[in-house]
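Me: I would like a close look at a single part of this protein, its nonpolar interior, followed by whatever can be said about the places around the chain that help to describe it. Please take the time to connect the details rather than list them.

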Amino acid sequence: MHGSRTATRTRRGLAAAVVAGALLTALTTATSASASTASTPVGDSRVVCTSGKPGLAPALSQDLADALHGRKGSSALALYDRPTRTHCEFKPGAHFDSASVVKVTVLGALLRQAQETHRALTPHEVKLTTDMITKSDNAATSALWHQIGAAGVKHFLSLAGMRHTVPGAGRAWGLTQVTAGDQLRLMQLLTTDNTVLTASSRGYALDLMHRVEADQRWGVPAGAPAETSVHVKNGWLPRDTGGWRVNSVGTFTCTGHDYGLAVLSTGNRTMDYGIDTVESAARVVHRDLTH
């Protein structure tokens, strides 16, 4: 990769992380208002939303329940929006095969290891991480998974507070057990000042997620306003039992909004059906938050 181009992308990503950190500081020092809570049933579970914006919690709760009602298979989601102090969840602790959404965790673990040894990523690591996130390259992921090691992955998960995530055994990184709650925690980690990942590391990760190839920009970006800055990673995996696993995680910034969303699904008869499930929920989120 060309050195000057890499530096430019890193600066862009760093700027995004700095902006996110500044926004967090402003929000946490603002006067808090009372938040409302709403809960709507979907099957044997419920979509639960809270928000500091009047009327938003019941609207999101009902609209997300409507989007998920009647969908075959099983799904889960988690959402935050910082400016409106909005949070939604639906089965946030249920476990799903990660497929390729675990690649963001792999990236985080590598960046943490580099920080702890006070070094920059090597040119080879830059190529591997770029291929892993922007192209969802499996061979690059396997190489990094082996390099980081099980202990390194678990160390990052512990620091990140992703307590319900269980790394796949051996080389089976795609069978890592993830939850919507932990995936959302990871999105929050990438977009706030914290002691786990530096602003430079977070900026690097967000820049790669912003540059995902066009044919992999489905999922949680569906329905996002045109002016939205999108950072996304998707995962898809067919198995002999339980059908397709289709997952999507991402963060979004636009005027007045700074939010993250994780939608996981399993038991889909086709990949397209799973994508439809994810995107039905995503469209509701973007519409209700930004209109």
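Which residues touch the most other members of the largest nonpolar core, and how many residues does that core contain?

Reply: The model is predicted, and what follows should be read with that in mind. The largest nonpolar core has 77 residues, and the members that touch the most other members are L60, L64 and F156. As background to that core, buried residues make up 52% of the 291 residues in the protein chain, whose secondary structure comes to eight helices and nine strands. Of the contacts between residues at least 6 apart in sequence, 65% join residues at least 24 apart. The accessible surface of the chain, for its part, comes to about 12400 Å², and carbon and sulfur atoms account for 55% of it.

L64 is a useful place to start. Once residues up to four places away in sequence are set aside, L64 touches V47, C49, L77, C88, A281, V284 and V285. Two of these partners, C49 and C88, form a disulfide with their sulfur atoms 2.1 Å apart, so that L64, which is in contact with C49 and C88, touches both cysteines of the bond. The disulfide links distant parts of the chain, for C49 belongs to strand β2 (residues 45-51) and C88 to strand β4 (residues 86-90), with the two positions 39 residues apart in the numbering. Because the torsion about the S-S bond of C49 and C88 is about 115°, the disulfide is right-handed. C49 and C88 are both buried, and the count for the model comes to one disulfide. A further cysteine, C254, is likewise buried, because its relative accessible area of 14% falls under the 20% limit.

Just after strand β4, the backbone has a feature worth a look. K91 is placed in the loop between β4 and β5 (96-97), and its phi is near 50°, a positive value in a residue other than glycine. As a rule, most residues other than glycine have a negative phi. A99, in the loop between β5 and α3 (102-116), also has a phi near 50° and is not a glycine. The surroundings of the two can be set side by side: K91 counts as partly exposed because its relative accessibility is 25%, whereas A99 counts as buried because its relative accessibility is 4%.

Another buried region can be followed through L208 and V212. L208 lies in helix α7 (residues 199-210), and because its relative accessibility is 0%, L208 counts as buried. Neighbours up to four places away aside, L208 touches L107, T129, T130, I133 and T134, while the C-alpha atoms of L208 and K135 are 9.9 Å apart although 73 residues separate them in sequence. V212 lies in the loop between α7 and β7, and it is buried because its relative accessible area is 4%. With neighbours within four places in sequence left aside, V212 is in contact with I133, T134, R217 and V232, so I133 and T134 appear among the partners of V212 as they do among those of L208. V212 and T134 are 78 residues apart in sequence, yet their C-alpha atoms are 3.9 Å apart in space.

The loop after α7 also carries one side of an aromatic pair. A search of the whole structure finds two such pairs, one of which is formed by W218 and W236 in an edge-to-face arrangement, at 5.7 Å centre to centre and with 65° between the planes. This pair links distant parts of the chain, with W218 in the loop between α7 and β7 (229-238) and W236 in strand β7, 18 residues apart. The two tryptophans differ in burial, because W218 has a relative accessibility of 13% and counts as buried, whereas W236, at 27%, counts as partly exposed. An aromatic ring also takes part in one further arrangement, in which R71 lies over the face of Y273, at 4.0 Å from the ring centre.

Returning to the core, then, L64 is one of the members that touch the most others, and its contacts include both C49 and C88, the cysteines that form the disulfide.

Technical notes: Residues numbered from 1 in each chain as written. Predicted model: local features only at pLDDT ≥ 70, side-chain atom pairs only at ≥ 80, totals over all residues. Heavy atoms only, no water. Helix = DSSP H or I, 4+ residues; strand = E, 2+ residues; numbered from the N terminus. Buried < 20%, exposed > 50% of the residue type's maximum accessible area, 1.4 Å probe, protein only. Contact = heavy atoms within 4.5 Å. Areas by Shrake-Rupley, 256 points an atom, 1.4 Å probe, with all protein chains shown as cover. Phe/Tyr/Trp six-rings, centres within 6.5 Å; stacked < 30°, edge-to-face > 60°. Lys NZ or Arg CZ within 6 Å of the ring centre and 35° of its normal. Disulfide = S-S within 2.5 Å. Core = buried A, V, L, I, M, F, W, Y, C linked by side-chain atoms within 4.5 Å.
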